[in-house]
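Me: I would like to learn how to read a model feature by feature. Where do we start?

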Amino acid sequence: QTKFNVINLSITGTSESSLPTLSLGCICLLVFLSGAAGNIINIMPRFLLGGLCVFAGVGFLYENLWEGRKKMGRASFAIVWIIFLVNFIWEFFVLQNLPKEIQPMVPGLLVVFVLGVVLSTFEFMFAFMHKAKEPSIRGGDVCCSSAVRSEKHDNQLAVMAGWFHVFKVDSFVFFGTANTLYQQLKAHISHEKVTKPKAERTKYLIFDLSEVTGIDSSARDVFYK
């Protein structure tokens, strides 16, 4: 979330450092092992603890239940809302009517976790009715343009052919496909650093998504990276 990145930035001066996360984790572990957590919580005002929970929770709800519509497909966004509503109904209406000896065995988080796995599995199965192909990489010297250009521009493109590569992705893109493309990209850049001088290395990357039928939210995060 943006607010936690801002806090991280204000502490270390960068949003890429893991120092605040590791420091907070160590402090929480020490407090837990020392047995002082209960005493600390009892000293703190209840409205302050409630405010911290609201501060952390509302952002997640807004990001996933509202802003998620911009990042997810319709099926994924519907699954998120189904999980939220089922958890709400189960915790406040269904669980209270179950026998007390059964209630600890079926908490709301367990129910929605199983539900989420089932719904995601079905979404994955329907999305992969068309088999995904492994991303392919082609150099600029083997890619032909269909545009009509002057001889001057054709000569310029011929000179620049070694500077760009085309990464072609087909069918539905999920996290595994996007991660494979990301690893191929890293390997390609590492290989060029070792085998070519700086002037001849790849300077432009073109992602050909013309035959992509869909992309899930986790794969979209990989492309943002």
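Reply: Start with the cysteines. This is a predicted model, and a search of the whole structure finds zero disulfides.

Me: How far is Cys 26 from the nearest cysteine sulfur?

Reply: A disulfide needs two cysteine sulfur atoms within 2.5 Å. For Cys 26 the nearest cysteine sulfur is that of Cys 28, 9.4 Å away, so Cys 26 is in no disulfide. Cys 28 is in no disulfide either, with the sulfur of Cys 26 as its nearest, at 9.4 Å.

Me: Is Cys 26 buried, partly exposed or exposed?

Reply: Use the relative accessible area: under 20% is buried, over 50% is exposed, and in between is partly exposed. Cys 26 has 47% relative accessibility, so it counts as partly exposed. Cys 28 also has a relative accessible area of 47%, and is partly exposed.

Me: Now the fold. How many helices and strands does the protein chain have?

Reply: Count the elements, then read their order. The protein chain has ten helices and three strands. From the N terminus, the order is α-α-α-α-α-α-α-β-α-β-α-β-α.

Me: What does the radius of gyration say about the protein chain?

Reply: Set the value against that of a compact globule. For 225 residues, such a globule would have a radius of gyration near 17 Å, but the protein chain has 25 Å. The spans add detail: along its principal axes, the C-alpha trace covers about 80 × 45 × 25 Å.

Me: What share of the residues in the protein chain is buried?

Reply: Buried residues make up 19% of the 225. Next, look at the surface. The accessible surface of the protein chain is about 16,300 Å², and carbon and sulfur atoms hold 68% of that area.

Me: How many positive and negative side chains are there, and how far apart are the centres of the two sets?

Reply: Count both signs, then compare centres. There are 21 positive and 17 negative side chains in the protein chain, and the two centres lie 4 Å apart.

Me: How do I read contacts by sequence separation?

Reply: Take contacts between residues at least 6 apart in sequence. In the protein chain, 67% of these join residues at least 24 apart.

Me: Let us try single residues. Where does Gly 108 lie, and is it buried or exposed?

Reply: Place the residue in its element, then check accessibility and partners. Gly 108 is in helix H7. Its relative accessibility is 0%, so Gly 108 counts as buried. Beyond its neighbours within four places in sequence, Gly 108 contacts Asn 87, Trp 90 and Glu 91. Phe 92 is 16 residues away from Gly 108 in sequence, with 9.6 Å between their C-alpha atoms.

Me: And Phe 113: buried or exposed?

Reply: Phe 113 lies in helix H7, residues 108-127. With a relative accessible area of 56%, Phe 113 is exposed. Ile 83 is 30 residues from Phe 113 along the chain, and their C-alpha atoms are separated by 8.3 Å.

Me: Which helix holds Asp 221?

Reply: Asp 221 is in helix H10, residues 217-224. At 47% relative accessibility, Asp 221 counts as partly exposed. Asp 221 and Phe 175 are 46 residues apart in sequence, yet 8.7 Å apart in space, C-alpha to C-alpha.

Terms used. Residues are numbered from 1 along each chain as its sequence is written. This is a predicted model: local features need pLDDT of at least 70, side-chain atom pairs count only at pLDDT 80 or more; totals for chains, interfaces and linings use all residues. Side-chain values use heavy atoms; hydrogens and water are left out. Buried means under 20% relative accessible area, exposed over 50%, partly exposed in between (1.4 Å probe, protein chains only). Helices (H or I, at least four residues) and strands (E, at least two) are DSSP runs, numbered from the N terminus. The radius of gyration is taken over C-alpha atoms; the globule rule is 2.2 Å times the number of residues to the power 0.38. Contact means heavy atoms within 4.5 Å. Accessible areas come from the Shrake-Rupley method with a 1.4 Å probe; for residues, only the protein chains shown count as cover. Lys and Arg count as positive and Asp and Glu as negative; His and the chain ends are not counted. The place of a charge is taken as NZ of Lys, CZ of Arg, CG of Asp or CD of Glu.
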